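Please read the following explanation alongside the sequence and the three-dimensional structure. It proceeds from the ligand surroundings to the secondary structure and then to a single loop residue.

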Amino acid sequence: MSVGTLTKKLLEAALFYEIWDAMKVTFKHMFYKPITFQYPREQRTIPDTHRGALGLLRYDDGRERCVGCDLCEAACPSHCIKVISTEDRDRPLQRYASEFYIDITKCVFCGYCVEACPVNALAMTKMYEYSTHDKRTLLFDKPRLYQIGERYIDDAKKYLVAHHQEKDDQSSREYRYFFPQSVLKATQPPPKHLT
Ligand code: SF4
Ligand code: SF4
């Protein structure tokens, strides 16, 4: 080490240079507008694409959208969804979820279940304040999921639109179920030149 470098280091140590250097950063930030939110008094504006707690949705006439197909359960990478489906006695060939559970403690908020649903019965909401001392309350059952869906219906509709799963927030008025194209083709009458 050269004499010049050694002198500089000794001088910096004697004058507590590192402390003054750090204080310079602190003083500089005293004149900046604070970016910290005083949560919970102040809350951020959450974007429509936000992946918060999941909720189950109904059509506008009150009927449950879910047809109990289990596709959300199959798509979930965390295996935190359990659907028990049953035949709807009032509507032959129709099924519905008699029980529906989501263990939200295992959920990684990937949104795959929402994408897998053929009838947009599931949506994510902007609800994120559900901390609790009792972990058992974080196993969301069907009534709780519908309660979230009803309470945060506007968020849920905006989520589906923001993720291009519904054209607009009026789409929930229509019953959405698209048969696979292969089924439609198989049931269509053969072209005239073949009959
Ligand atoms: S968001 Fe992802 S992890 Fe959570 S329930 Fe849906 S598929 Fe499972
Ligand atoms: S929420 Fe959708 S994917 Fe899941 S069981 Fe119901 S209809 Fe099927």
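In this predicted model, ligand 2 is surrounded by 14 residues, of which C66, C69, L71, C72 and C117 come nearest. Sorted by class, the shell around ligand 2 comprises 12 nonpolar residues, 1 polar residue and 1 charged residue. Ligand 1 likewise has 14 residues around it, and the closest are C76, C107, C110, Y112 and C113. The shell of ligand 1 divides into 12 nonpolar and 2 polar residues, with no charged residue.

The strands may be considered next. An open sheet is formed by 3 strands, arranged in the order β2-β3-β5 with antiparallel pairing. Its edges are β2, which spans residues 81–87, and β5, which spans 139–140; each of these strands pairs on one side only. Helix α5 packs on this sheet, where it touches β3 and β5, and its direction makes about 85 degrees with that of β3. Between β2 and β3, the latter covering residues 95–103, the antiparallel pairing extends over 7 bridges. I84 has E99 of β3 as its bridge partner.

Helix α5, residues 142–151, also takes part in the packing of helix α6: the buried residues of α6 pack against α5 as well as against β1 (54–56) and β4 (122–124). Which residues of α6 are buried? Within this helix, which runs over residues 153–162, they are D155, A156, K157, K158, Y159 and L160. The buried set thus includes the charged side-chain types Asp and Lys, because Asp and Lys both belong to the charged class. After α6 comes H164, which has a positive phi near 60 degrees.

The last step concerns a residue that is distant in sequence from α6. D48 is located in the loop that lies between α2 (17–29) and β1. Is D48 buried, exposed or partly exposed? It counts as partly exposed because it has 14 C-beta neighbours inside 10 Å, whereas a buried residue would require 20 or more and an exposed one 12 or fewer. When neighbours within four places in sequence are left aside, D48 is in contact with K158, Y159 and A162. Of these contacts, K158 and Y159 are among the buried residues of α6. D48 and K157 stand 109 residues apart along the chain, and their C-alpha atoms are separated by 9.1 Å. The loop between α2 and β1 contains D48, and the contacts of D48 with K158, Y159 and A162 therefore link this loop to α6, given the 7 Å limit between C-beta atoms that defines a contact.

Definitions and conventions
Residues are numbered from 1 along each chain as its sequence is written. Chains are lettered from A and ligands numbered from 1 in the order in which they are written. This is a predicted model: local features need pLDDT of at least 70, side-chain atom pairs count only at pLDDT 80 or more; totals for chains, interfaces and linings use all residues. A residue is near a molecule or strand if its C-beta atom, placed from the backbone, lies within 6 Å of it. Helices (H or I, at least four residues) and strands (E, at least two) are DSSP runs, numbered from the N terminus. Two residues are in contact if their C-beta atoms, placed from the backbone, lie within 7 Å. Two strands pair if DSSP finds at least two bridges between them. Axes are lines fitted to C-alpha atoms, for helices over the stretch in contact, and angles run from 0 to 180 degrees between N-to-C directions.
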